[in-house]
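Could you walk me through this structure in my viewer, one selection at a time? I am new to it and would like to know what to click on next and what I will find there.

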Amino acid sequence: MVKFLKQNKAVIVLQGRYAGRKAVIVRTFDDGTRDRPYGHCLVAGISKYPSKVIRKDSAKKTAKKSRVKAFVKLVNYQHIMPTRYTLDVDLKDVVSLDVLQSKDKKVTALKEAKKRLEERFKTGKNRWFFTKLRF
Amino acid sequence: MVVSKKTKKTHESINNRLALVMKSGKFTLGYKTVLRSLRSSKGKLIIISNNCPPLRKSEIEYYAMLAKIGVHHYNGNNVDLGTACGKYFRVSCLSITDPGDSDIIKTLQPDH
């Protein structure tokens with residue numbers, strides 16, 4: 001009865017190049033569009049996870065290890081697995097539909113998404129989201 | 001292992017209610033459409049047969065947990081569930097979107 005495929009929901013991408021990666025729903029298109037006549041959503045996810053940071057790492061090493069590579073994609077609902085987790089990172093203004101139209105818009109959007117995800121990782125919250133799914 | 005002792009009477013009444021849903025209500029049969037009804041929150045009750053593969057069963061239960069939709073584990077395999085629906089094929093999982101005249105949802109999910 002409750003719609004759960006909403007903004008800020010953490011999902012796992014199941015198909016495609018990013019299969020097994022965790023992502024967060026930025027925008028949903030429940031009834032599809034003309035080009036995609038099925039339910040789909042715009043997700044922003046982690047393409048390269050940050051590696052394990054240990055206590056004896058120097059500041060330089062910590063900075064290097066906490067780097068995140070992001071991706072933005074339109075996925076069919078059938079190709080994502082929703083989870084019970086949410087990630088409230090504000091990516092609405094950064095990631096939008098027109099980002100996917102041109103390469104340089106995408107590059108700037110990914111840089112900004114990477115920055116926001118990295119600062120969320122550094123606070124230590126949402127630890128589940130930034131750990132690699134083992135399968 | 002709690003095995004709910006399903007007496008013959010309650011089992012038959014579930015079959016009767018299912019038959020009434022088939023006649024008067026709206027439903028979808030099959031894994032793909034069940035997930036679709038769960039994603040859009042159109043389903044009101046999900047029924048899973050007992051020989052549904054455990055990974056698929058857990059997946060449907062997880063979706064139903066997120067959508068707060070009830071799941072009923074049917075006391076019978078997919079052949080029996082297909083017969084209960086009046087179909088000549090096997091039905092491993094089905095989703096009831098509109099119960100029609102039947103009170104299957106009230107009897108199987110008393111808290112709703």
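Here is a tour in short stops, and please keep in mind throughout that this is a predicted model.

**Stop 1: a covered strand in chain A**

Start by selecting residues 69–76 of chain A, which form strand E4. This strand is mostly covered, with six of its eight residues buried. Now add residues 40–48 of chain A, strand E3. E3(A) and E4(A) are paired in the antiparallel sense, and eight bridges link them. To see one place where the two strands face each other, pick A:Cys41 and look across to A:Val75 in E4(A).

**Stop 2: two residues of that strand**

Stay on E4 of chain A and click A:Leu74, which belongs to this strand. Is A:Leu74 buried or exposed? Its relative accessible area is 15%; because the cut-off for buried is under 20%, A:Leu74 counts as buried.

Show what surrounds A:Leu74. Leaving out residues up to four places away in sequence, A:Leu74 touches A:Phe29, A:Arg36, A:His40, A:Cys41, A:Leu42, A:Leu97 and A:Leu100. You can also try a distance from A:Leu74 to A:Val11: the two are 63 residues apart in sequence, and their C-alpha atoms are 13 Å apart in space.

Next, move to A:Asn76, also in strand E4 of chain A. A:Asn76 is buried too, at a relative accessible area of 15%. Which residues does A:Asn76 contact, apart from its neighbours within four places in sequence? They are A:Tyr38, A:Gly39 and A:His40. A:His40 may look familiar, since A:Leu74 touches A:His40 as well.

**Stop 3: the largest pocket**

For a change of view, select A:Ser51, A:Lys52, A:Val53, A:Phe121 and A:Arg127. Of the 17 residues that line the largest pocket, these five lie nearest its centre. The volume of this pocket is about 450 Å³.

Colour the lining by residue character and you will find six nonpolar, six polar and five charged residues. Then highlight helix H1 (59–65) and helix H2 (103–123) of chain A, each of which supplies at least two of the lining residues. Which element gives the largest share of the lining? That is H2(A), with three residues.

**Stop 4: where the two chains meet**

Bring both chains into view and look at the contact between them. Chain B contributes 15 residues to this contact and chain A contributes 13. Together they bury an area of about 1,300 Å², and carbon and sulfur atoms give 62% of it. On the chain B side, select B:Arg39, B:Tyr62 and B:Leu66: these supply 46% of the area that chain B buries against chain A, more than any other three residues.

**Stop 5: strands of chain B**

Hide chain A for now and select residues 93–98 of chain B, strand E4. Five of the six residues in this strand are buried, so it is mostly covered. E4(B) has antiparallel partners to look for:

- Strand E1 (residues 26–29) of chain B is joined to E4(B) by four bridges, and B:Lys26 stands opposite B:Asp98.
- E2(B) is also joined to E4(B) by four bridges, running antiparallel, and here B:Leu45 stands opposite B:Ile96.

From E2(B), step over to E3(B). Four bridges connect these strands, which run parallel, and B:Ile46 stands opposite B:Val71. E3(B) has two faces worth colouring separately: B:Gly70 and B:His72 are on the covered face, while B:Val71 and B:His73 are on the uncovered one.

**Stop 6: two loop residues with positive phi**

Finish with a pair of backbone details in chain B. Click B:Ser41, in the loop between helix H2 (31–39) and strand E2 (45–48). B:Ser41 is not a glycine, yet its phi is positive, about 55°. B:Ser41 is buried, with a relative accessible area of 12%.

Then click B:Lys68, in the loop between helix H3 (54–67) and strand E3 (70–73) of chain B. B:Lys68 likewise has a positive phi, near 55°, in a residue other than glycine. Is B:Lys68 buried or exposed? With a relative accessibility of 56%, B:Lys68 counts as exposed.

Technical notes: Residues are numbered from 1 along each chain as its sequence is written. Chains are lettered from A and ligands numbered from 1 in the order in which they are written. This is a predicted model: local features need pLDDT of at least 70, side-chain atom pairs count only at pLDDT 80 or more; totals for chains, interfaces and linings use all residues. Side-chain values use heavy atoms; hydrogens and water are left out. Buried means under 20% relative accessible area, exposed over 50%, partly exposed in between (1.4 Å probe, protein chains only). Two strands pair if DSSP finds at least two bridges between them. On a 1 Å grid over the protein atoms alone, a cavity is a set of points where a 1.4 Å probe fits but cannot get out, and a pocket is an open set with protein on both sides within 12 Å along at least five of seven lines; lining residues have an atom within 4 Å of a point. Grid points are joined across faces, edges and corners, and a volume is the space filled by probe spheres set on the points. Ala, Val, Leu, Ile, Met, Phe, Trp, Tyr, Cys and Pro count as nonpolar, Asp, Glu, Lys and Arg as charged, and the others, Gly among them, as polar. Contact means heavy atoms within 4.5 Å. Buried area is the accessible area (1.4 Å probe) that two parts lose on being put together, summed over both.
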